[in-house]
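User: I'd like a close look at one part of this structure, with the surroundings filled in as you go. Could you walk me through it in one connected answer?

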Amino acid sequence: HMTGCNHLKQKNLQYLDRHHIGAKCNKDKEALRSWQVTAELCSGKDMQFLYLCGGGDAQSKAGAWDASTCTKHETSHNEMSGKRLEYLDRHSPYCPDGKAMHDWKVAMHGHNGNIKFECCDIPNYDAAKCYDKHTGCQKTNGKQIEYLDRQHPECDADQVMTGWRFTPHGCGDKKMKVEFRCCDVNHPKFDQTLRSEERRVGKE
């Protein structure tokens, strides 16, 4: 999926509010799996977000996604208007344990802004099957938001994202990265079928 093309090149942080990442993910079937900024399909100074939704197989195998479990959250208000990319580290949109991030967007409130996001229960959640990951460190300080295209947080095909943050932790030389968390979407019916097949093969 993708957001619309909007002017992002040579713009400051508040221009992120033109994009709603994850809006096309189906709450009854899936949640956000990855996101990235790109100019590939846009023209001029426009850019857009591309994103993937994950966990859809659970709908047919476990039937456990339920839009009624979704809850809305937001980060604290902090300066965004006229600020460069490093100010994104004031926000840490993470869902409560057991929930996946369905979507997120920047909302402006005068000169301040925050990130609003929605979280939905993960089918057959298992805390032991959640993993902390990160992108590579990239030059960020003093850069405008088109430099976000150096980052591509992506969970595996059988996982969903539960949150992310932009941070200088572990980086140097005015660089930053995206830390994010991915959790497996378990499919009990599929797992049971696999174990039965393994037992059958073992007897042959």
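**Charges over rings, and what surrounds them**

Analyst: Let's begin with R90, whose charged end sits over the ring of Y87, 4.0 Å from the ring centre. Keep in mind that this is a predicted model. A second arrangement of this kind involves R150, which lies over the face of Y147 at 4.1 Å from the ring centre.

Now for rings meeting rings. The count of aromatic pairs comes to five. One of them is W35 with F49: the ring centres are 6.0 Å apart and the planes stand at 55°, so this pair counts as tilted. W35 belongs to strand β3 and F49 to strand β4, so the contact ties together parts that are 14 residues apart in sequence. How buried or exposed are these two? W35 is buried, with a relative accessible area of 0%, and F49 is also buried, again at 0%. The pair is part of something wider, too: W35, F49, W104 and W164 form one aromatic cluster.

The two strands that carry W35 and F49 also turn up in a sheet. It's an open one of three strands, in the order β1-β4-β3, with antiparallel pairing. β1 and β3 are the edge strands, each with a single partner, so one side of each has no neighbour in the sheet. Between β1 and β4 the antiparallel pairing runs over two bridges, and the bridge partner of H7 in β4 is D46. As a reminder, strands of a sheet pair through backbone hydrogen bonds, either parallel or antiparallel.

Disulfides tie into the same neighbourhood of the chain, so to speak. A search of the whole structure finds seven of them. Take C5 and C42, joined with an S to S distance of 2.0 Å. The torsion about their S-S bond is about -85°, so this disulfide is left-handed. C5 lies in the segment before β1 (6-7) and C42 in the loop between β3 (31-38) and β4 (46-54), so the link ties together parts that are 37 residues apart in sequence. Its two ends are not equally covered: C5 counts as partly exposed because its relative accessibility is 32%, while C42, at 16%, counts as buried.

Strand β4 holds an end of another disulfide. C25 is joined to C53 with S to S at 2.1 Å, and the torsion is about -85°, so this one is left-handed as well. C25 sits in the loop between β2 (20-21) and β3, and C53 in strand β4, so parts that are 28 residues apart in sequence are tied together. Here both cysteines are buried.

For a change of hand, look at C70 and C120, a disulfide with S to S at 2.0 Å. With 105° about the S-S bond, the link is right-handed. C70 is in the loop between α1 (57-61) and β5 (71-74) and C120 in strand β8 (residues 112-121), 50 residues apart, so to speak of distant parts of the chain being linked is fair. Both C70 and C120 are buried.

One last stop is T140, in the loop between β10 (138-139) and β11 (159-167). At 1% relative accessibility, T140 counts as buried, since the cut-off is under 20%. Neighbours within four places in sequence aside, T140 is in contact with L85, E86, F166, K174, K175 and M176.

Technical notes:
Residues numbered from 1 in each chain as written. Predicted model: local features only at pLDDT ≥ 70, side-chain atom pairs only at ≥ 80, totals over all residues. Heavy atoms only, no water. Helix = DSSP H or I, 4+ residues; strand = E, 2+ residues; numbered from the N terminus. Buried < 20%, exposed > 50% of the residue type's maximum accessible area, 1.4 Å probe, protein only. Contact = heavy atoms within 4.5 Å. Disulfide = S-S within 2.5 Å. Pairing = 2+ DSSP bridges. Phe/Tyr/Trp six-rings, centres within 6.5 Å; stacked < 30°, edge-to-face > 60°. Lys NZ or Arg CZ within 6 Å of the ring centre and 35° of its normal.
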